Amino acid sequence: MDLAAFTAALPKVELHLHLEGTLEPDLKLELARRNGVDIGQTTVEEVRASYVFDSLASFLSVYYPAMDVLVTRADFRDLAMAYFARAAAQNVRHAEVFFDPQVHVARGVALEDVVLGYHDAVVDAERQFGMSAGLIACLVRDLPLEGAEAVVDGLLGFADRIVGIGLDSDERGNPPARFAHLFARARAAGLKVTVHCDVDQEDTTEHLRQALEEIVVDRLDHGTNVVEDPRLLELVRTRGTGLTCCPVSNAFVTGDSKAAVIAQLLRSGVRVTVNSDDPAYFGGYVTENLVRLTQEADLTPDELVQLQRNAIEVSWASGEVKEGFLAELD
Ligand code: ADE
Ligand code: ZN
């Protein structure tokens, strides 16, 4: 069997996926029509032509306005179900997925409609596709802190519907330590914590240090810049901290997939995982990300299996789901 076919058939876990980043052009147009939202585009080609970016900031300036088409609880459910259907078709057996509640609340959408809509899809995905999923609410680091505080207050009322709190968006001037009190509150409510330390951003090493030493994150999203600091690299290795890497996304926002460094980390025993980030925008779901890494870094079948073993081990799935997945991998 060739490696692409091996990768396609492999049972998979995805841990770094923004639900709003799965908004494919056809669904965007359908939701815009359904809700009477003028998005300035009427064809799939026009929507695709608007996807022009070469940095995290230029990507985010396209990404956030697109969310205006999401209005009702059913819209959030439909968006997440479309992702779960694609993921199940790629044999993703477990997924932990991000969403950006602050952005929706700031537009006047009720937090309840966002969380319950996405949660409806988690329940339906289990029923229809036999896959498990968890929701991670991200704090949007470049929006006002008071909004993040209000959203955490609200989210704690839905703590049984989510598995963790994350931190995403533009890192410039927005270090993880500014959110430490909110992560502490989330932890006290039994939630896990993960933080984006995007590849090659301003102050990435200092952000990694804060995430690892001050917040003591359960996972790092991206995080490959740990290779620049032997002390942080050792911390990640000895703690077994998971790194959720996204090669296709890296190539868009930095011009380099970072395949070599991802493979180097994997081969040195760091719990690296491979994921798709914002697949509707970057054009690759999890299989395409694995195939790209395989081609660029010459991964072996054993290494592809190891990536999935890492992913289930650093996931926040139940013991039962973990055992079932590991049995499927063998
Ligand atoms: N939000 C959606 N995708 C993101 C990314 N790659 N980095 C930071 N924030 C994001
Ligand atoms: Zn991300």
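Helix H9 (residues 180-188) lies across three strands in this predicted model. These are strand E3 (132-140), strand E4 (164-168) and strand E5 (192-197). The helix runs at about 150° to E5. Helix H17 (residues 319-329) lies across E1, strand E2 (92-99) and E3. Its direction is at about 130° to E2.

The strands crossed by these helices belong to an open sheet of eight strands. Its order is E1-E2-E3-E4-E5-E6-E7-E8, with parallel pairing. Strand E1 (12-14) and E8 stand at the edges, and each has a single partner strand, so one side of each is left without a neighbour in the sheet. Neighbouring strands are turned by 25° against each other on average, direction ignored.

Strand pairing was then examined along the sheet. E4 and E5 pair in the parallel sense over two bridges. Ile165 stands opposite Val193 in E5. Strand E6 (residues 219-222) is joined to E7 by three bridges, and the two run parallel. There, Leu220 has Leu243 in E7 as its bridge partner. Four bridges link strand E7 (residues 242-245) to E8, again in the parallel sense. Cys245 is matched with Val274 in E8.

Burial was assessed for two of the strands. In E5, six of the six residues are buried, so the strand is largely enclosed by the rest of the structure. Both of its faces are covered. Lys192, Thr194 and His196 lie on one side, Val193, Val195 and Cys197 on the other. Strand E8 (residues 271-274) is an edge strand, yet its listed residues are buried on both faces. Arg271 and Thr273 point one way, whereas Val272 and Val274 point the other way.

The largest nonpolar core holds 96 residues. Tyr118, Leu135 and Ile136 touch the most other members. E3 supplies the largest share of this core, seven residues. Leaving aside neighbours within four places in sequence, Tyr118 is in contact with Leu19, Phe76, Ala80, Phe99 and Leu135. Leu135 thus appears both as a contact of Tyr118 and among the core residues that touch the most other members.

The surroundings of ligand 1 were also listed. The residues around ligand 1 are His18, Gly21, Leu56, Asp168, Ser169, His196, Asp198, Ser249, Asp277 and Asp278. By class, this shell has one nonpolar, five polar and four charged residues. His196 is one of the residues around the ligand, and this residue of E5 is buried.

Notes:
Residues are numbered from 1 along each chain as its sequence is written. Chains are lettered from A and ligands numbered from 1 in the order in which they are written. This is a predicted model: local features need pLDDT of at least 70, side-chain atom pairs count only at pLDDT 80 or more; totals for chains, interfaces and linings use all residues. A residue is buried if 20 or more other C-beta atoms lie within 10 Å of its own, exposed if 12 or fewer, and partly exposed in between; C-beta atoms are placed from the backbone. Two strands pair if DSSP finds at least two bridges between them. A residue is near a molecule or strand if its C-beta atom, placed from the backbone, lies within 6 Å of it. Ala, Val, Leu, Ile, Met, Phe, Trp, Tyr, Cys and Pro count as nonpolar, Asp, Glu, Lys and Arg as charged, and the others, Gly among them, as polar. Axes are lines fitted to C-alpha atoms, for helices over the stretch in contact, and angles run from 0 to 180 degrees between N-to-C directions. Two residues are in contact if their C-beta atoms, placed from the backbone, lie within 7 Å. A nonpolar core is a set of buried Ala, Val, Leu, Ile, Met, Phe, Trp, Tyr and Cys residues joined through C-beta atoms within 7 Å.
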